[in-house]
Amino acid sequence: MDDSDDAVAIYSDYVCPFCYLGRRSLAAYQETRDRELAIDWRPYDLRGHKRGPDGEIIHSIDDGKDEEYFERVRRDVDRLRDEYGAEAMLDLDDLPERVDSFDAQVASLYVSEARPDRWLDFDEAIFEALWVDGREIGDADVLADLAEGVGIEGNEIRSAIRDEDRRARLRSAFAEARDARVGGVPTFDYEGRTARGALSPDQLRQLVEGV
């Protein structure tokens with residue numbers, strides 16, 4: 001997480017396609033800026049309402065999302081993939097089955113605190129691993145491999161994932177998002193101005209620059 005004065009807060013979850021697309025859009029907006037806009041990452045549990053008492057996702061819970069809903073999501077993803085130059089992004093049906101992002105977010109939380117200079121690279125590696133390479137980001141070995149790719153010892157990540165204190169802190173971060181009335185992701189916040197969705201580069205410019 002970044003404490004820079006010039007930072008945009010982003011609530012996101014790695015399993016959300018619009019979070020990946022929103023980050024691609026943010027990268028495009030960043031290229032137009034003279035000064036890089038830092039990211040203040042805020043964890044969000046997109047499937048928190050389906051977690052059981054042991055933290056597992058109970059997929060049989062009805063969340064009201066029928067096939068019509070998912071077809072609409074597919075159309076929106078396809079449209080934005082073309083608009084944001086994310087042609088390498090996998091189709092939703094090609095993702096690992098029932099992937100859970102909890103351990104990935106625990107690992108990301110660890111890196112953001114212990115190795116903040118490596119966090120952005122690690123964060124982007126997780127997104128790319130899932131949405132471009134179709135890797136199982138809930139697997140500790142995959143996360144360790146991604147960490148090693150950005151200069152972090154894999155065993156650091158394996159230990160972080162098992163750390164119950166850090167897992168509890170992640171749950172607290174999820175609760176903070178709920179308390180902030182964040183109802184979906186990605187949600188961007190800059191100096192009190194808030195917008196939700198995979199904003200275009202121009203929409204991000206309006207949010208940040210107030211124009």
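# Notes on the sheet, the helix packing and a few loop residues

1. A good place to start is the pair formed by Tyr 11 and Arg 42: Tyr 11 stands opposite Arg 42, which belongs to strand 2. One step along, Ile 10 has Trp 41 of strand 2 as its bridge partner. Please keep in mind while reading that this is a predicted model.

2. Those two pairs lead to the strands themselves. Strand 1 (residues 7-12) and strand 2 run in the parallel sense where they pair, and six bridges link them. Is strand 2 enclosed by the rest of the structure or left open? Strand 2 covers residues 38-43, and five of its six residues are buried, so the strand is largely enclosed by the rest of the structure.

3. Now the whole sheet. Four strands make up an open sheet with mixed pairing, and their order is 2-1-3-4. Strand 2 and strand 4 (193-196) are the edge strands, each pairing on one side only. On average, neighbouring strands of this sheet are turned by 20 degrees against each other, if direction is ignored. Taken with the previous point, strand 2 is an edge strand and yet largely enclosed by the rest of the structure, because five of its six residues are buried.

4. What lies across strand 1 and strand 2? Helix 3 does, and it runs at about 140 degrees to strand 2. One residue of helix 3 to look at is Ser 108. Ser 108 has a relative accessibility of 0%, so it counts as buried. Leaving aside residues up to four places away in sequence, Ser 108 touches Tyr 14, Trp 41, Trp 119, Phe 122 and Ile 126. Trp 41 may look familiar, being the bridge partner of Ile 10 in point 1.

5. Helix 3 also has a helix to pack against. Two packed helices are described by the angle between their axes and the distance between the axes. For helix 3 (residues 102-114) and helix 6 (residues 154-162), the angle is about 115 degrees and the axes are 9 Å apart. That angle makes helix 3 roughly perpendicular to helix 6. The crossing of helix 3 past helix 6 is right-handed.

6. Which residues make this contact? Helix 3 supplies Asp 103, Val 106, Ala 107, Tyr 110 and Val 111, while helix 6 supplies Glu 156, Ile 157, Ala 160 and Ile 161. Sorted by class, the contact of helix 3 with helix 6 has seven nonpolar and two charged residues, with no polar ones.

7. A second helix pair is worth setting beside it. The axes of helix 1 (residues 17-30) and helix 8 (residues 201-209) come within 8 Å, crossing at roughly 70 degrees. Helix 1 and helix 8 are therefore roughly perpendicular to each other. Helix 1 passes helix 8 in a right-handed crossing.

8. On the helix 1 side, the contact is made by Ser 25, Leu 26, Ala 28 and Tyr 29; on the helix 8 side, by Pro 201, Leu 204, Arg 205, Val 208 and Glu 209. By class, the contact of helix 1 with helix 8 has six nonpolar, one polar and two charged residues.

9. Some backbone details in the loops deserve a look. Most residues other than glycine have a negative phi, and most peptide bonds are trans. Arg 98, in the loop between helix 2 (67-83) and helix 3, has a positive phi near 55 degrees. Arg 98 counts as exposed, because its relative accessibility is 57%. Arg 181 has a positive phi too, near 65 degrees, and lies in the loop between helix 7 and strand 3. Arg 181 is exposed, with a relative accessible area of 77%.

10. The loop between helix 7 (164-179) and strand 3 (187-190) also holds Pro 186. Which kind of peptide bond joins Val 185 and Pro 186? The bond is cis, with omega about -5 degrees.

11. Finally, Arg 135, which sits in the loop between helix 4 (116-131) and helix 5 (140-149). Arg 135 is partly exposed, at 28% relative accessible area. Although 40 residues separate Arg 135 and Leu 95 in sequence, their C-alpha atoms are 7.9 Å apart in space. Not counting residues up to four places away in sequence, Arg 135 touches Pro 96, Ala 129, Leu 130, Val 142, Asp 145 and Leu 146.

Notes. Residues are numbered from 1 along each chain as its sequence is written. This is a predicted model: local features need pLDDT of at least 70, side-chain atom pairs count only at pLDDT 80 or more; totals for chains, interfaces and linings use all residues. Side-chain values use heavy atoms; hydrogens and water are left out. Axes are lines fitted to C-alpha atoms, for helices over the stretch in contact, and angles run from 0 to 180 degrees between N-to-C directions. Helices (H or I, at least four residues) and strands (E, at least two) are DSSP runs, numbered from the N terminus. Angles under 35 degrees count as roughly parallel, over 145 as roughly antiparallel, 65 to 115 as roughly perpendicular and the rest as oblique. A crossing is left-handed if the near helix is turned anticlockwise from the far one by less than a right angle, and right-handed if clockwise. Contact means heavy atoms within 4.5 Å. Ala, Val, Leu, Ile, Met, Phe, Trp, Tyr, Cys and Pro count as nonpolar, Asp, Glu, Lys and Arg as charged, and the others, Gly among them, as polar. Buried means under 20% relative accessible area, exposed over 50%, partly exposed in between (1.4 Å probe, protein chains only). Two strands pair if DSSP finds at least two bridges between them.
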